[in-house]
Amino acid sequence: MREYTLFGKREISVVVTLAEDDARVPLLFELLRKHDRTWIENHEDRYTEEELDNARLLLMWPNGECKIDGGIWRGTTYDLSEACPACGTPARQTSAMFMDGEDVPKLEGHRAGGTFVEVPCVDERLAEELEASGATGLYFRSVYAVMEDGRQVKLRWKQLCAKRSLPPMSPLTTGLVVTEQCEVCKRNAYMKTSDAPTRIVYRASDLADADDVNMTWEHYNEADLQPDMRETSLSYPYILVTPKVMRIIRAAGVTEFDWIPIRVVEGE
Ligand SMILES: [Zn+2]
């Protein structure tokens, strides 16, 4: 529960979590309407430990518990030579991850986090552990803080990256909405939404040689190419990992990622 003051009036925001078929849901909405209150609905699936553990792959999604200002705006560079000329997807990162030096204190007390565009980062010790596990498809990039005076300070953090991209998802996938998509490649702007749970579906045959850490063919985030890289917005792939990778990260006490199992179908 968060409390804040707005125009001298005390407002309290409350989070209520209910099952979709709970009889109290319509009553709650009725009450809110009656008292002229606004609300935000967030529809998501809840999974058991067993379901997470037995998933073929899981979406690893930075949930905002530790969010840092890093990426293209802070000097991280990308090669667009093989990307879509209209939107720059998929851009190939060619440098370390650079982040705003002012955000370094935000890393305190965390072992993992994500950038403003949800690019995952983990601390060095966790990166070493993941590397030692022999997880396939995985590599890391260094993370630097760019200080106010322009100095670049190497942090004991790593950006978690995948080597390869999976084939496109099955059209049975739901809960990724497409807005402002690039007309040329139709590969970006697949966005998670609070209106519906994210249910990613793959054809079994398309996962035959999946690694432990993979990028999706679909990219999230809308793109806006500008002559100045620091003013450019790019689209990024979702990261899908095996339960083996999830277990190592969770065993380290990391709560900064949400884990969403994918579904697998035969044929389409
Ligand atoms: Zn494009």
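In this predicted model, strands E15, E16, E3 and E17 form an open sheet of four strands in that order, with antiparallel pairing. E15 and E17 occupy the edges, and each has a single partner strand, so one side of each lacks a neighbour in the sheet. Averaged over the sheet and with direction ignored, neighbouring strands are turned by 35 degrees against each other.

**Strand E3 and its partners**

Strand E3 spans residues 58-62. Its antiparallel connection to strand E16 (residues 236-241) consists of two bridges, whereas five bridges join E3 to strand E17 (residues 257-261), also in antiparallel fashion. The table lists residues of E3 with their counterparts in these strands.

| Residue in E3 | Counterpart | Strand of counterpart |
|---|---|---|
| Leucine 59 | Leucine 240 | E16 |
| Tryptophan 61 | Aspartate 258 | E17 |
| Proline 62 | Phenylalanine 257 | E17 |

In a regular strand the side chains alternate between the two faces of the sheet. In E3, the covered face carries Leu58, Met60 and Pro62, while Leu59 and Trp61 belong to the uncovered face.

**The nonpolar core**

The largest nonpolar core comprises 50 residues. Leu58, Cys121, Ile239, Leu240 and Val241 have the most contacts inside this core. Leu58 also lies on the covered face of E3, and Leu240 stands opposite leucine 59.

Which residues are in contact with cysteine 121, leaving aside its neighbours within four places in sequence? They are Met97, Ala112, Gly113, Gly114, Val143, Trp157, Lys158, Gln159 and Leu160.

**Aspartate 212**

Aspartate 212 is located in the loop between strand E14 (201-203) and strand E15 (213-220). E15 is one of the edge strands of the sheet described above. Is aspartate 212 buried or exposed? Aspartate 212 counts as buried, because 21 C-beta neighbours lie inside 10 Å, and the threshold for a buried residue is 20 or more.

When neighbours within four places in sequence are left aside, the contacts of aspartate 212 are Ala135, Thr136, Gly137, Leu138, Val241, Thr242, Lys244 and Val245. Among them, Val241 is also one of the residues with the most contacts inside the largest nonpolar core. Threonine 242, another of these contacts, is separated from aspartate 212 by 30 residues in sequence, yet the C-alpha to C-alpha distance between the two is 5.0 Å.

Methods:
Residues numbered from 1 in each chain as written. Predicted model: local features only at pLDDT ≥ 70, side-chain atom pairs only at ≥ 80, totals over all residues. Buried ≥ 20, exposed ≤ 12 C-beta atoms within 10 Å, placed from the backbone. Contact = placed C-beta atoms within 7 Å. Core = buried A, V, L, I, M, F, W, Y, C linked by C-beta atoms within 7 Å. Pairing = 2+ DSSP bridges. Axes fitted to C-alpha atoms, helices over the stretch in contact; angles between N-to-C directions.
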